[in-house]
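Biologist: Could you pick one part of this protein and take me through it closely, then work outward from there? I'm at the bench, so plain talk is fine.

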Amino acid sequence: MLPEVFTLADDFPPVTYEAWRELVEADLKGASFEQKLVTHTYEGIDIQPVYTRRDALADDETHSLPGFRPFVRGASPLGAVLTGWDLRQEYAHPDLTVVNQSILADLEGGVTSLLLRLDRAARGGRDPDQAAVADMAGDDGLMAYTVADLETALTGVHLNMVGVALEAGGAFVPAAAALTALWRRRGVSADEARGAFNADPLAALARDGELPLSTDAALSQLADLARFTAVHFPHVTAVGVDTSPYHHAGATAAQDLAFGMATGVQYLRAMIEAGMSIDDAASQFTFRISLGTHHFLAISKLRAARRLWSRVVGASGGSASAGAMRIHARTSRRVLTQRDPYVNMLRNTVGVFAAGIGGAETITSVPFDMPVGLPSDFSRRIARNTLLILQEESHLHRVVDPAGGSWFLDRTTQQLADAAWKIFQQIERQGGMLSVLESGWAAEQIDSAFAPRAKDIARRKEGITGVSEFPNVAEEPVVHPPVDPTVLRGEAARRIAAATAKTPALASLTSQSDMTASAVKAAEDGATLGRIAAALGFHDQRTAVAPLEVHSFAEPFEVLRDASDAYQAEHGRRPRVFLVNMGPVAHYTARATYSKNFFEAGGFEVVSGDGFRDADAAVAALRDSGASTAVICSSDKLYADIVPDVAPKLKAAGAKVVVLAGHPGENEKAWRASGVDRFIFIKCDVLATLRDMLREEGVAVS
């Protein structure tokens, strides 16, 4: 008969960590616990296999409530429980009509706010009718240069209900002026306007390597925009801290956070020097943070970011509530792939999930085909529905700080915050974020931190599904109709020339105490972004640094696949390898599978044999395959007899390269003498091997 009260503890008495560790080490039979079971991150954090109460943090701050300093558990007491997440989608198509159609479809499908990315010309403070920047117009963004252009892009959008954010590079004041002019034209009240101007000159400098004005002028304009926004728009933020230039260059999570804090401090100083209080200045920030696919690290990254910003604002004299951080999170571009892009749906789901669990208020769900080109209607629908399913069907937003109380996540959050703070202190000792960008120190630190990851990617220790792992060389690529900007540039140039002819000359705004207000007035009168920028002193001076180099994780392998595609287009077939599978199936299957994935990751066509009993059968099959590279696959048990017999006969039959799947160990010298040229095995440099072998096949690899 069952007892009236049933408890698991009756059958499973408590076990101490020490007792558990003793049993585990006995099972390891002498192998290192640290090497086998502890994961070492690129941030220098050791992830233990199990966390118990002994790992609980002693720091009382970690047990604070959501909405209270240090805001690790969230910036507001109820998180997204009542409102849900703000689904902010990005728009960068050069054609304003197409952008408008996409926006309306997205809003109907559940999107709640918009991010408009202006093209390179507008971000640089230029108009499309200037011959010197003709190739920049329509490149990487909307061709919007006036309030009328924004009106076209946002036709049918209820701006009193939908927030609008901007990505305008160095031209944040002209762009903000145009959006403000549109709000006023539409009759949107100050209390109804919602959005983010995202003034972030240091991110633009790090990403592009230049600003069209001096950094002093840029910081002065940032501060003026922040003052203007604080007075006129209670639900709009003026300043953005976008850490994606560092993240996409290969920064670790700790570096990413440190650069974000250092940037925020630089902006805070400029705003306070301009007369703003610390609380008013801190209220103007939105942090834009990219998240990768290391799920728990991404959650900890957002929680650590809030802890750090609370510490920065508190140390600057801000009130307890002023340190609450606003976070706009998006899935990182560096983890997305051009090859097998449908896997990006899974990567994006992981990123969106982590953003929600980590407490981001605003989330961008990235279309899976973004690395291929401008997203399609289908991919936009999948992207927005990814978040909506997590929210409306999985109800993830209904729990305030679901990560709270996890010993693992609490400790990882603290370790990440501590590591980032140390880097932040190094930056401050060198004069701040601008100084480390100008000196090149930031780039050096990122490159050094990325090197171990690049090595792991090359060796497939860190695999990329669909690219370096489980590739499909026969996949049908996702193809989008190319956008020809020539016609759009001509239309934009004529449109801007006509607008300029109707507007009065614009006097210099640099000496005015209310630069932003004057810029808004000019935008209302029809002035273009380029003319407003010129009045603000753009192009009189220029700031230049070495731009941070973007490191897509998949790029090295995708370069090989591109080279293979080009070879196939020219020769009618891909470079080919033949798998010489020797012996019974149980002996060769594992290494044949490994070899197939290995070579297809480099764009090789793999022809597989069906288990040969002798060398003569293998040689005949090699001749029929048309391959000049033979890969011997079997077990270590059979290699001692197979290799000396098969390898020389393969060479005699015309194999230019004979590869053995497996580590040769002490047999390497003898097997090379038999005719084996290369050995492939787990932890070998896959990328270098594939690159060399493609070149030997006559494939042009950059």
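Modeller: One bit of vocabulary before we start: helices (H or I, at least four residues) and strands (E, at least two) are DSSP runs, and they are numbered from the N terminus. Keep in mind that this is a predicted model.

The part I'd pick is the loop between β2 and β3, and proline 70 is a good place to enter it. The peptide bond that leads from arginine 69 into proline 70 is cis, its omega being near 10 degrees. Move on to phenylalanine 71, which sits in that loop between β2 and β3 too. Phenylalanine 71 isn't a glycine, yet its phi is positive, at about 65 degrees. Is the ring-bearing residue phenylalanine 71 buried or exposed? With a relative accessible area of just 2%, phenylalanine 71 falls under the 20% cut-off, so it counts as buried.

Now for arginine 73. Arginine 73 makes a salt bridge with aspartate 401, and their closest N and O atoms are 2.5 Å apart. Arginine 73 belongs to the loop between β2 (46-47) and β3 (86-91), whereas aspartate 401 belongs to the loop between α15 (377-393) and α16 (407-429), so this pair ties together parts that lie 328 residues apart in sequence. How accessible are the two partners? Arginine 73 is partly exposed, with a relative accessible area of 21%, while aspartate 401 has 9% and counts as buried.

That bridge belongs to a longer list: a search of the whole structure turns up 38 salt bridges. Let me show you a few others. Glutamate 151 pairs with arginine 185, with 3.9 Å between the closest N and O atoms. Here glutamate 151 comes from helix α6 (residues 147-153) and arginine 185 from helix α7 (residues 172-186), so the pair ties together parts 34 residues apart in sequence. Arginine 185 is partly exposed, at 47% relative accessibility.

Then there's arginine 21, which bridges to glutamate 25 with the closest N and O atoms 2.9 Å apart. Both arginine 21 and glutamate 25 are in helix α2 (residues 17-28), four residues apart, or about one turn of the helix. Arginine 21 has a relative accessible area of 21%, so it is partly exposed; glutamate 25, with 38%, is partly exposed as well.

Some of the charged residues join up into a network of salt bridges, made of Arg117, Arg123, Asp140, Glu167, Asp242 and Arg288. Take aspartate 140 from that set, since it brings us back to backbone geometry. Like the phenylalanine in our loop, aspartate 140 has a positive phi without being a glycine, in its case near 60 degrees. You'll find aspartate 140 in the loop between α5 (120-123) and α6. Its relative accessible area of 37% makes aspartate 140 partly exposed.

The network leads on to the hollows in the model. There are four cavities of 30 Å³ or more, and the largest of them holds about 70 Å³ of space. Which residues line the largest cavity? They are Glu167, Ala168, Gly169, Asn198, Asp200, Ala203, Ala204, Arg207, Asp242 and Arg288. Glu167, Asp242 and Arg288 appear both in this lining and in the salt-bridge network. By element, helix α8 (residues 201-208) contributes the most to the lining, with three residues.

Here's a charged residue that behaves otherwise. Arginine 334, in the loop between β10 (327-331) and α14 (344-358), is buried but makes no salt bridge, and the nearest oppositely charged side chain, that of glutamate 43, is 6.1 Å away. A salt bridge needs the atoms within 4 Å, so that gap doesn't qualify. What arginine 334 does have is a polar side-chain atom 3.0 Å from the backbone oxygen of alanine 251. Apart from neighbours within four places in sequence, arginine 334 touches His247, His248, Gly250, Ala251, Arg453, His551, Ser552 and Phe553.

Last stop is helix α14, which holds phenylalanine 353. Phenylalanine 353 has 28% relative accessibility, so it counts as partly exposed, while phenylalanine 71 back in our loop is buried. Beyond four places in sequence, the contacts of phenylalanine 353 are His295, Leu390 and Leu396. The C-alpha atom of phenylalanine 353 is 8.9 Å from that of isoleucine 299, which is 54 residues away along the chain.

Definitions and conventions:
Residues numbered from 1 in each chain as written. Predicted model: local features only at pLDDT ≥ 70, side-chain atom pairs only at ≥ 80, totals over all residues. Heavy atoms only, no water. Buried < 20%, exposed > 50% of the residue type's maximum accessible area, 1.4 Å probe, protein only. Lys, Arg positive; Asp, Glu negative; His and termini not counted. Polar contact = N/O pair within 3.5 Å; in protein donor to acceptor, adjacent residues only side chain to side chain. Contact = heavy atoms within 4.5 Å. 1 Å grid on protein atoms, 1.4 Å probe; cavity = no way out; pocket = protein on both sides within 12 Å on 5 of 7 lines; lining within 4 Å. Points joined across faces, edges and corners; volume = space filled by probe spheres on them.
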